[in-house]
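Me: Please take one part of this model and look at it closely, then explain how it fits in with the rest. I would like a connected account that I can follow with the structure open beside me.

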Amino acid sequence: MSAYKRILMAVDLSEESDQLIDKTCEIAGRNDAELSLIHVIEPLSFAYGGDVPMDLTTIQEQLDEHARGKLDAFAAKLSHPVKNKLIVSGHTESEIHRIADEHDINLIIVGSHGRHGLSLLLGSTANGVLHGAHCDVLAIRVQPVEKDKD
Ligand code: AMP
C-alpha cells in the first residue's frame, strides 16, 4: 500500500510554482495518489482592516476570480490528474492545515527557498506549514525567478 494516497500541493501562483510540478507529479504518479491543489487568498481586510474607508468586496471578488483562472491554468500544466482545485480565504498556513485535515491528506507539498544557510533554508510559509501539520510535509527547493528589469 502506498504511503501517500492523498497529496495536497500548495501553490502561491507565482512563476516559481512551476518548479514544483515535475516532482509533485512524479510522487503522485508513483503513489497513484489523489492530487489536490490549494491556493490561499489572504483577505484584503487582513492588510487594511478598517483603515480604508471603502468597500473592498468588489476588488476582493476580482482577486478571487483572477486566482481561479490562474489556478485552472496551473492545473492544466500538470501531467497527473487534479482532483480538487481549492481556493480558500484566510491565513495561508492555517488554511493549508485546515484543508489538509479536512481532506485527510497524507502529504503536503510546498516550495522553499534555500538562500542563506540553515535558518533560512525554509521560506516563511514552508516553515509555518511544517510546524503544526498533522501529516508529512515535503518542501521542494525553488530558485527565485529573475524579473526582467525595464
Ligand atoms: P514563501 O515562503 O511565501 O516564499 O512560499 C513558499 C511556498 O509556500 C510556496 O512555494 C507555496 O508552496 C506555499 N505558499 C505560499 N503562499 C501561498 C498561498 N497564498 N497559497 C498556497 N500556498 C502558498
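Reply: Helices and strands are DSSP runs numbered from the N terminus, a helix being H or I over at least four residues and a strand E over at least two. The model is a predicted one, in which local features need pLDDT of at least 70 and side-chain atom pairs count only at pLDDT 80 or more, whereas totals for chains, interfaces and linings use all residues. Residues are numbered from 1 along each chain as its sequence is written, and side-chain values use heavy atoms, without hydrogens and water.

The part I have chosen is strand β4, taken together with what surrounds it. The chain has five helices and five strands, and from the N terminus they follow the order β-α-β-α-α-β-α-β-α-β. Of the 150 residues in the chain, 37% are buried (under 20% relative accessible area, with exposed meaning over 50% and partly exposed in between; 1.4 Å probe, protein chains only). Strand β4 covers residues 107–113, and five of these seven residues are buried, so that the strand is mostly covered.

Two strands are seen to pair with β4, pairing being called when DSSP finds at least two bridges. Strand β1, residues 6–10, runs parallel to β4 and is joined to it by three bridges, and in one bridge Leu8 has Ile108 as its partner in β4. Strand β5, residues 136–142, is also parallel to β4, this time over seven bridges, with His113 of β4 bridged to Val142 of β5.

The strand also contributes to the packing of the interior. A nonpolar core is a set of buried Ala, Val, Leu, Ile, Met, Phe, Trp, Tyr and Cys residues joined through side-chain atoms within 4.5 Å. The largest such core holds 22 residues, and Ile7, Met9, Val11, Leu37, Phe74 and Leu78 have the most contacts inside it. Strands β4, β1, β5 and β2 (34–41) each give two or more residues to this core, as do helices α1 (21–30) and α3 (57–76). A second, separate core has 15 residues, among them Leu8, Ile96, Ile105 and Ala126. Nonpolar side chains tend to be buried together in soluble globular proteins. Met9 shows how the larger group is knitted together: beyond its neighbours within four places in sequence, Met9 is in contact (heavy atoms within 4.5 Å) with residues including Ile21, Leu37, Phe74, Leu78 and Ile109.

Helix α4, residues 92–102, has Thr92, Glu95, Ile96, His97, Ile99 and Ala100 as its buried residues. These pack against β4 and also against β1, β2, β3 (82–89) and α5 (124–130). Just after α4 comes Asp104, whose phi is positive, near 55°. Thr92, within α4, counts as buried because its relative accessible area is 19%. The side chain of Thr92 makes a polar contact of 2.8 Å with that of Glu42 (N or O atoms within 3.5 Å, one able to donate a hydrogen and the other to accept it; residues adjacent in sequence count only if both atoms are side-chain atoms). Leaving out residues up to four places away in sequence, Thr92 touches Val40, Glu42 and Thr125.

The ligand brings several of these residues together again. It is surrounded by 14 residues (a heavy atom within 4 Å), of which Ala10, Val40, Gly111, His113 and Thr125 are the closest. An oxygen atom of the ligand lies 3.0 Å from a backbone N or O atom of Gly111, and an oxygen atom of the ligand is 2.6 Å from a polar backbone atom of Ala10. At Val40, a backbone N or O atom is 2.8 Å from a nitrogen atom of the ligand. On its own the ligand has 480 Å² of accessible area (Shrake-Rupley method, 1.4 Å probe; for residues, only the protein chains shown count as cover), and the protein covers 85% of that.

Two loop residues are also worth locating. Leu13, in the loop between β1 and α1, has a positive phi of about 65° although it is not a glycine, and Leu13 counts as buried because its relative accessibility is 12%. Asp32, in the loop between α1 and β2, likewise has a positive phi, about 50°, without being a glycine, but Asp32 is exposed, with a relative accessible area of 59%.
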